[in-house]
2 protein chains.
Amino acid sequence: MKMLEDRILKDGTVKEGNVLKVDSFLNHQIDIELLNEMGKEFKRRFADKKITKILTIEASGIAIASIAAQYFKVPIVFAKKSQSINLDGESYTTKIQSFTHNRVYDVIVSKKYLSPDDHILVIDDFLANGCALKGLIELVKASGASLEGIGIAIEKGFQKGGEEIRQMGIQLESLAIVDGMDWTTKTINFRANN
Amino acid sequence: MKMLEDRILKDGTVKEGNVLKVDSFLNHQIDIELLNEMGKEFKRRFADKKITKILTIEASGIAIASIAAQYFKVPIVFAKKSQSINLDGESYTTKIQSFTHNRVYDVIVSKKYLSPDDHILVIDDFLANGCALKGLIELVKASGASLEGIGIAIEKGFQKGGEEIRQMGIQLESLAIVDGMDWTTKTINFRANN
């Protein structure tokens, strides 16, 4: 998606260690107009899928999923990253490793909000090694719901998560795929024809 | 806001200890259509204010703030609840006590995203004792930005947060104010003429 790639080039920052910071428009301060264009693009890419619910994970996936949900006319559910005393009843749970925060999270969705009748689109902001996404895929499978696809804002194409998820036969649509970054020259290479 | 009050009566659950669970439509599964009506109502109540940015706090404030931002045509910024290694540079920080989770959080906003030129509307899902909101008010003050108002989905009017914040002279608009709940009879009383 050219609009997102252009914005990454304009306002993203490349740091040592293959870190791409987009916190001025995507995951701390958030440009809602950009998210609307991304929501339309997700709808275009999943136009042939029957979606009943969008699943995301707190925190930065929530804005993208909420705005996109308007184009699918469905509710969202966000997976929570640690047990809350306000979340009673039975839950689907898994553990995910966050390399950004260097810790392991419990990820939880109430059983009330994922059912075998649901057709799920998973939406998140970043895909790198795929740990968070594989956790969400596991929760969807545990619920018996159908996973119709995964929509990602920015995929780090040089890490293995995207390839592994596509090999599972899942429709994975990343609006921008970064195939390489160089923090010394501040360059970002996007996958062509994406 | 009658639509929100009706939804709380229909799908909210009253639990012992003055707990009101709205996780089927507001803070785990989220009804985006309802959020759109709430966003319009926030815009109506703050129509005379010049707003340049909406500030919220992760996680459940993000969806409400994102949808509301479409009616104000401004970006959102969400305060983060713990230090992230991806958040470099200088930040405004404060500590807040969460009674729901029984712990103290560091709350952080990058200095890049709150400036003295900003006119801030704070949006969050719940207001009870006001600890989270007072933390956000402190961050806005530290930045030199103007706090134009606070929009809340559900205020527990029998707790002191709302009164304290109104006494500061801040325009606080809560779309539903619960003045009392009884978990034995499953009744909820809303403040009239709100």
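This passage describes how chains A and B meet in a predicted model, and then turns to a pair of helices within chain B.

The interface brings 40 residues of chain A into contact with 40 residues of chain B. Together the two chains bury about 3,300 Å², and 55% of this area lies on carbon and sulfur atoms. On the polar side of the picture, 17 residue pairs are in polar contact between chain A and chain B, counting pairs with both residues at pLDDT 80 or more, while the number of salt bridges between the chains is 0.

Several elements of chain A share in the surface that touches chain B: strand 2 (19-21), strand 3 (29-30), helix 2 (32-45), helix 3 (61-72), strand 5 (76-79) and strand 7 (103-110) each supply at least two residues. Helix 3 of chain A gives the largest share, with 6 residues. Sorted by class, this side of chain A holds 19 nonpolar, 13 polar and 8 charged residues.

Strand pairing also links the two chains. Strand 5 of chain A pairs with strand 3 (residues 29-30) of chain B in the antiparallel sense, over 2 bridges. Here Ile76(A) is found opposite Ile30(B), a residue of strand 3 of chain B.

Within chain B, helix 1 (residues 2-11) meets helix 2 (residues 32-45), their axes coming within 10 Å and crossing at roughly 145°. Helix 1 of chain B contributes Met3(B), Leu4(B) and Arg7(B) to this contact, and helix 2 of chain B contributes Leu34(B), Glu37(B) and Met38(B). Of the residues in this helix contact, 4 are nonpolar and 2 are charged, with no polar ones.

Note on methods: Residues numbered from 1 in each chain as written. Chains lettered and ligands numbered in written order. Predicted model: local features only at pLDDT ≥ 70, side-chain atom pairs only at ≥ 80, totals over all residues. Heavy atoms only, no water. Contact = heavy atoms within 4.5 Å. Buried area = accessible area lost by both parts, 1.4 Å probe. Salt bridge = Lys/Arg side-chain N within 4 Å of Asp/Glu carboxyl O. Polar contact = N/O pair within 3.5 Å; in protein donor to acceptor, adjacent residues only side chain to side chain. Helix = DSSP H or I, 4+ residues; strand = E, 2+ residues; numbered from the N terminus. Nonpolar A, V, L, I, M, F, W, Y, C, P; charged D, E, K, R; others polar. Pairing = 2+ DSSP bridges. Axes fitted to C-alpha atoms, helices over the stretch in contact; angles between N-to-C directions.
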